[in-house]
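Grab a pencil and work through these exercises with the model open beside you. Try each task yourself before you read the solution.

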Amino acid sequence: MDGAILTAILGFAGTLIGSLGGIFASSRLTNFRLQQLEEKVKLHNNLVERMTAVEEKIKGNLHRIEEIEHSV
């Protein structure tokens, strides 16, 4: 086999391995970042649900206060 062909094959193999390694590393990093964002979204959604419950309780308390004020 000619030296130039062997060099080309080894260069191609190195490029292929390097490219695939970069793709896998990038994919893992993207998946990690997505998981972190999903956790933040879960925390935010939990806060929104809790605030909605608090707002409902406040509305009920305001109605009770208004009833007490009108009865006095």
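**Exercise 1. Find where T30 sits, and work out how far T30 is from I9.**

Step 1: T30 has its place in helix α1; helices (H or I, at least four residues) and strands (E, at least two) are DSSP runs, numbered from the N terminus.
Step 2: Before going on, a word on the ground rules. This is a predicted model, where local features need pLDDT of at least 70, side-chain atom pairs count only at pLDDT 80 or more, and totals for chains, interfaces and linings use all residues. Residues are numbered from 1 along each chain as its sequence is written, and side-chain values use heavy atoms, with hydrogens and water left out.
Step 3: T30 counts as partly exposed because its relative accessibility is 41%; buried means under 20% relative accessible area, exposed over 50%, and partly exposed in between (1.4 Å probe, protein chains only).
Step 4: Now go from T30 to I9, 21 residues apart along the chain: their C-alpha atoms are separated by 31 Å.

**Exercise 2. Describe the overall build of the chain.**

Step 1: Count the elements, and you get one helix and zero strands. Helix α1 covers residues 3-71.
Step 2: Put a box around the C-alpha atoms along the principal axes, and it comes out at roughly 105 × 10 × 10 Å.
Step 3: Check the radius of gyration, which is 31 Å here, while a compact globule of 72 residues would have one near 11 Å. (That radius is taken over C-alpha atoms, and the globule rule is 2.2 Å times the number of residues to the power 0.38.)
Step 4: Look for buried residues: 0% of the 72 count as such.
Step 5: Add the surface. The chain exposes about 6,800 Å², with carbon and sulfur atoms supplying 65% of it; accessible areas come from the Shrake-Rupley method with a 1.4 Å probe, and for residues only the protein chains shown count as cover.

**Exercise 3. Track down the salt bridges.**

Step 1: Know what to look for: a side-chain nitrogen of Lys or Arg within 4 Å of a carboxyl oxygen of Asp or Glu.
Step 2: Searching the whole structure turns up two salt bridges.
Step 3: One pairs K42 with E39, with the closest N and O atoms 3.7 Å apart. Both residues lie in helix α1, three residues apart, about one turn of the helix. K42 is exposed, at 54% relative accessible area, whereas E39 is partly exposed, at 43%.
Step 4: Another joins the side chains of E56 and K59 (3.9 Å, N to O). E56 and K59 are also three residues apart in helix α1, about one turn. E56 is partly exposed at 49%, and K59 is partly exposed at 47%.

**Exercise 4. Name the residues of the nonpolar surface patch.**

Step 1: Patches take residues with over 30% relative accessible area and no salt bridge; like charges are joined within 9 Å, nonpolar side chains (Val, Leu, Ile, Met, Phe, Trp, Tyr) within 5 Å.
Step 2: The members are L47, M51, V54, I58, L62 and I65, and together they have about 510 Å² of accessible area.
Step 3: Take L62 as a test case: its relative accessible area is 46%, so L62 is partly exposed.

**Exercise 5. What does the side chain of T52 reach, and at what distance?**

Step 1: T52 is in helix α1 and is partly exposed, with 39% relative accessibility.
Step 2: The T52 side chain reaches the backbone oxygen of V48 at 2.8 Å.
Step 3: For contrast, try S19, 33 residues from T52 along the chain: the two C-alpha atoms are separated by 49 Å.

Methods
A polar contact is a pair of N or O atoms within 3.5 Å; within protein, one must be able to donate a hydrogen and the other to accept it, and residues adjacent in sequence count only if both atoms are side-chain atoms.
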